[in-house]
Amino acid sequence: MGKFDKFMTPLSKWFHVIAGIGMIYVLLISVADIIMNKVFKDPINWAFDSIGLVAVIAIVFAIPEVQVNHGHIEVEVLEARLSRFWRKIIGLFVNVLGIILWSIVAWRSFLYGIDILRSGEVSMTVEMPIYPFIWFQGICAVAVTLVLLLQTINHFRMRTR
Amino acid sequence: MNPVTLAIVLTVFMVILFLLRMPIGFAMALVGIIGFSALRGLGPGLSIVTRDLFDVFSSYSYTAITMFILMGTLAFYTGISRRLYDAGYTMFGRLPGGLAISTIAACAMFSAICGSTNATAAAMGRVALPEMKRYKYDDALATGCVAAAGSLGILIPPSTIFLVYGIMTENSIGKLFISGVIPGIILAAFFAGTVFIMTVRNPKLAPPGGPTTWKEKVQGMTGIIEALVLFLLVILGIFLGWFSPTYAAAAGTAGVIVIGLVRRQLTWQGFLNGVRDAIRINCFIMVIVAGAFVFGHFLTVTNIPTMLVNWVEAMHMNKYLVLIAVIAIYYVISMFMDELALIVLTIPIFYPLILSVGWDPIWFGVIMVVLVEMGVIAPPVGINVFVIYGVAEGVPITTIYKGIFPFLACMFVLAALLMVFPALATWLPSFMTY
């Protein structure tokens, strides 16, 4: 278990760094395109396509780390009124549902990416390949599934102690 | 199972998942998969989630949200929030309740460069609350005013909620942004007036601050000027058609970085912290939007939005009655749900209805944002209240809730004013031709 934990925590952090690089890329390309367009009247023709696709990286690579820190928005109305036992049971149930959801996303993202690769679908303006970005989504969904699995196991261990 | 019954059952299940503390975005996506699979088959149901997630995450329009969030977080680490507060203090500090009024003014100005309620509340709370504590302000007034004024972040442009509403309903983002200006200023004035009246009636609530020199007043103005320049760059950029919302936000973010570098207040660590905060906020926002899209797809195949419109048309219901019913529903749901989740979940249902009875879509966007503002401070799930609870060390959450009620009343008055005088929201957008 310790090894799994030691693997997932830095992995999520590295993914977070990749998301940050994606975000800075979106900023830099947007500003560069503004300057090229407004000052030199020569817009970057691949800016539009690449901003949309790299935005995927800025989002999906952040999901595992946000999950590690329980940063996704949740409603905390009922939980405080429940006993510790029921909180544990509900936490377990919710995590299992999350694992099912992200497993589906991971599995279907890889299949969807293969479909797109085979059909040769590319971005509209400069015909950038789309499938790698769909696979990035799949890879990150695997990471989220593993984070949820880790949290579920930790949850269970704490309960049985 | 009949699609309508299925939709009702699954919506109840989704609310139960919310209450069991499943992340909102996850719950909406999961229920959307189940519903879509039940009506269209397992294969399409499982595929829809991947496609919807990718379509939302790779949408160029939504990158504007990413950039506006980055602009807001970097503005905090550049010290802009601090300077705005100082500027407000030099102008209003000597008045009864002057620090609270300064905070409201600073929140209104910070809202002009930050499009999120909780980011505005957190940024200003960290600056203003220690000062108000130092001057022995009443805890309820101090925390209540920051929580409420923080909600101006989504009414005064740029606004993430207007962005999402505009993209989902295919309305002009520029018109929506500009429509929030007058109501935002009015609401800030109402908040300030409320604080003034409260403190005149009970001076112990908020002792006046210390005097400021003319030099300090002039220095304070520079804080306003830089925020004003950024606001004009973004809003005029969109208003005059220079930039798309994404590029306007990127230009604003670049402006914040330039200000930070020129003033030597943006360190490398501050920049990294700003990016890190923006990644986190952007991630949970986009997961909610994507989850709502999956759920929205399910609702579309149930045909409920169309049935609702047909039903209201068949009943020949008065348009004011429809509006009041929709407002009541929004107000109740907003007390329990995150602002963004509320918008993305309800727009597919209520927007066609509102249009069918003849309400202006831009005006409705403003009304909806005001209702959402109430939701972010109203008990039991006021997100801004939780944010301030985290920032204001040692203040019980019940005290913060006690403090927000006068400001909640101001929002009700604004909503009523907008219903009586729709031009407050529609006059400025009428000058835009696209």
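## Reading aromatic contacts in a predicted model

A search of the whole structure, which is a predicted model, finds 22 aromatic pairs over all chains.

Trainee: How should I read one of these pairs, and what geometry do F191(B) and F407(B) have?

Mentor: Two things describe a pair of aromatic rings: the distance of the centres and the angle of the planes. For F191(B) and F407(B), the centres are 5.4 Å apart and the planes meet at 85 degrees, an edge-to-face pair. F191(B) belongs to helix 11 (residues 181-201) of chain B and F407(B) to helix 20 (residues 397-420) of chain B, so the pair ties together parts 216 residues apart in sequence.

Trainee: Are F191(B) and F407(B) buried or exposed?

Mentor: Both F191(B) and F407(B) are buried. Now try another pair: W427(B) and F431(B) have ring centres 5.2 Å apart and planes at 85 degrees, so this pair is edge-to-face. Here W427(B) is partly exposed, because its relative accessible area is 48% and that class runs between 20% and 50%.

Trainee: Which residues form an aromatic cluster in chain A?

Mentor: Look at F15(A), F61(A), F133(A) and F136(A), which form one cluster. Chain A averages a pLDDT of 90, with 95% of its residues scoring at least 70.

Trainee: Where does a charged end sit over a ring?

Mentor: In chain A, the charged end of R108(A) sits over the ring of W107(A), 4.5 Å from the ring centre. In chain B, K319(B) places its charged end over the ring of W359(B), 4.4 Å from the centre.

Trainee: And which residues make the nonpolar surface patch?

Mentor: L228(B), L232(B), L236(B), L240(B) and W242(B) make a patch of about 460 Å². Among them, L228(B) lies in helix 12 (residues 214-239) of chain B.

Notes. Residues numbered from 1 in each chain as written. Chains lettered and ligands numbered in written order. Predicted model: local features only at pLDDT ≥ 70, side-chain atom pairs only at ≥ 80, totals over all residues. Heavy atoms only, no water. pLDDT = per-residue confidence, 0-100. Patch = residues over 30% accessible without salt bridge, like charges linked within 9 Å, V, L, I, M, F, W, Y side chains within 5 Å. Areas by Shrake-Rupley, 256 points an atom, 1.4 Å probe, with all protein chains shown as cover. Salt bridge = Lys/Arg side-chain N within 4 Å of Asp/Glu carboxyl O. Helix = DSSP H or I, 4+ residues; strand = E, 2+ residues; numbered from the N terminus. Phe/Tyr/Trp six-rings, centres within 6.5 Å; stacked < 30°, edge-to-face > 60°. Buried < 20%, exposed > 50% of the residue type's maximum accessible area, 1.4 Å probe, protein only. Lys NZ or Arg CZ within 6 Å of the ring centre and 35° of its normal.
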